[in-house]
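Subject: Structure for you to look at

Hello,

Here is the structure I promised to hand over. Please open it next to this email and follow along.

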Amino acid sequence: MRRRDVLAGATAGAALLALGSRAQAQGVREAGPSFAPVKVGRERIVRSVVGLRPFRETGFRLERVKVGRLDVVHNYGHGGGGVSLSWGCAEMAADLARDTNRSDIAVLGAGVIGLTTALVLQRAGAQVTIYSEAFPPDTTSNIAAASWYPTTLYRRDKVGESFYGMLDHASQRAFRRFQHMANNPRYGVFWIRHHVLRSGPPSQVEHYPGGEEIFVGLRRNQTGHGPFGFAHWDAYYTLMIDPDIFLPALIDDFIAAGGKLVHQDFASVKDIERLKQRTIVNCTGLGARTLFDDPVLIPARGQLSMLLPQPEIDYGYATSIDGGSIYMFPRKSALVLGGSVGFDNWNTRVDDAEVTRMIDGHAIMAGRAAM
Ligand SMILES: Cc1cc2nc3c(=O)[nH]c(=O)nc-3n(C[C@H](O)[C@H](O)[C@H](O)COP(=O)(O)OP(=O)(O)OC[C@H]3O[C@@H](n4cnc5c(N)ncnc54)[C@H](O)[C@@H]3O)c2cc1C
């Protein structure tokens with residue numbers, strides 16, 4: 001049995017209980033069968049949005065390479081887990097960049113990956129300039145749901161132990177950083193209780209990124225009459241990161257520490273070679289496909305509908321209704337409905353049939369809230 005499949009032992013279990021109590025102390029209710037129903041209806045939709053997750057079946061790319069005279073550190077391709085992994089991959093990318101022994105560093109891209117990488121480098125003493133074609137609120141990172149759980153970022157049959165090692169390391173480092181931010185309202189990070197609901201046993205053992213130990217209060221493979229009447233379920237506490245609050249706060253921190261933002265669209269590596277910096281950290285997300293000729297990088301289209309907020313909703317869920325995935329996460333400013341993944345689908349227009357699927361699916365869930 002592989003390390004990651006082994007259930008947490010008694011010591012870890014005790015630690016989880018302690019962490020669970022800490023989450024509850026911060027105002028999160030115990031994961032369990034008490035759910036205010038989501039008020040579902042088209043009239044409550046604030047907006048629907050589409051984003052293209054930067055997906056690589058072989059997992060995200062985090063490595064340093066030579067490109068002519070440049071040292072390029074790649075940090076892209078985080079699929080549906082870029083917000084979750086951001087701080088962890090940022091720390092790992094910053095280590096690779098620092099090893100070039102240059103203090104003047106260019107970060108390409110101003111999504112969550114570029115901003116966190118720039119901040120980590122800056123805090124380590126580097127002089128950092130972010131060059132990007134778009135800045136928040138106009139990045140894919142602004143569209144993310146964004147709950148803390150790195151998902152939809154690799155294909156099981158395409159990765160090996162070394163990737164899982166990197167994923168676990170990045171997850172652990174990232175989750176720890178986010179926990180500190182949950183104590184500071186200016187970052188828009190807060191705890192929720194989350195439930196993964198199934199009608200039958202899981203078809204395969206899901207790898208919990210970072211290891212089960214980091215999932216606060218985890219109750220895994222529960223059976224019997226569970227939340228919303230489902231017979232098989234997992235529950236744990238996790239963090240919500242509101243990109244509308246989080247990303248501007250990162251930009252403020254970066255500028256306050258003397259960082260520079262430059263609007264620039266790179267058509268090719270030749271454009272990058274014209275920069276004064278020789279150490280480049282590439283955080284261009286899906287843009288890396290053409291910029292660095294990486295055909296493995298494809299979009300995984302996702303569509304979200306935001307409902308009017310309900311302060312009484314302090315839980316999230318992910319499940320499948322009629323064979324289609326759906327999830328709901330609460331923010332202070334909205335309830336986020338989503339779950340669609342369209343591999344190699346470049347269409348950024350809102351699909352009304354998908355809006356209907358969301359409304360219908362979550363209405364079924366609301367009807368089961370009291371079960
Ligand atoms: C519907 C949906 C739901 C999601 N939910 C979650 C979730 O719950 N949890 C989670 O962790 N993640 C989630 N994600 C995934 C997350 O949004 C991505 O993994 C993350 O945003 C990737 O960040 P990034 O910085 O690499 O890319 P981006 O945010 O796309 O940033 C890339 C930056 O590079 C710049 N750029 C690109 N090409 C060039 C170029 N040629 N020249 C100059 N600049 C360039 C862009 O302008 C942009 O600033 C979700 C995504 C979607 C679409």
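Start with the two domains. Keep in mind that this is a predicted model. The C-alpha centres of domain 1 and domain 2 lie 29 Å apart. The domain assignment builds domain 1 from 3-54 + 189-242 + 299-367. Domain 2 is given as 55-142 + 244-296.

Now look at where the domains touch. Domain 1 puts 12 residues into the contact, and domain 2 puts in 13 residues. On the domain 1 side, E1 and E11 each supply at least two residues. The largest share of that side comes from E1, with 4 residues. What classes do the residues of the side of domain 1 that touches domain 2 divide into? They are 7 nonpolar, 3 polar and 2 charged.

Next, the ligand. It is surrounded by 41 residues. The closest are Gly51, Gly82, Gly111, Gly285 and Gly287. By class, the shell around the ligand has 18 nonpolar, 20 polar and 3 charged residues. Both domains take part: domain 1 and domain 2 each give at least three residues to the shell. Four elements each supply at least two shell residues: strand E1 (45-56), helix H2 (82-98), helix H3 and strand E11 (297-307). E1 and E11 should sound familiar, since each also supplies at least two residues of the side of domain 1 that touches domain 2.

Then find the sheet. It is open and has 6 strands. Read across it, the order is E2-E3-E10-E4-E5-E9, and the pairing is mixed. Why is one side of E2 and of E9 left without a neighbour in the sheet? Strand E2 (61-67) and strand E9 (260-263) stand at the edges, and each has a single partner strand, so one side of each stays free of a neighbour there. On average, neighbouring strands of this sheet are turned by 20° against each other, direction ignored.

A reminder on sheets: strands pair through backbone hydrogen bonds, either parallel or antiparallel. Strand E3 (residues 70-76) and strand E10 (residues 279-282) run parallel, joined by 4 bridges. Within this pair, Val73 of E3 stands opposite Val281 in E10.

Last, helix H3 (residues 112-123). H3 packs on the sheet and touches E3, strand E4 (104-108), strand E5 (127-132) and E10. The direction of H3 makes about 170° with that of E5. H3 is also one of the elements that supply at least two residues of the ligand shell.

Best wishes

Definitions and conventions. Residues are numbered from 1 along each chain as its sequence is written. This is a predicted model: local features need pLDDT of at least 70, side-chain atom pairs count only at pLDDT 80 or more; totals for chains, interfaces and linings use all residues. Two strands pair if DSSP finds at least two bridges between them. Axes are lines fitted to C-alpha atoms, for helices over the stretch in contact, and angles run from 0 to 180 degrees between N-to-C directions. Two residues are in contact if their C-beta atoms, placed from the backbone, lie within 7 Å. A residue is near a molecule or strand if its C-beta atom, placed from the backbone, lies within 6 Å of it. Ala, Val, Leu, Ile, Met, Phe, Trp, Tyr, Cys and Pro count as nonpolar, Asp, Glu, Lys and Arg as charged, and the others, Gly among them, as polar. Domain bounds come from an automatic or database domain assignment.
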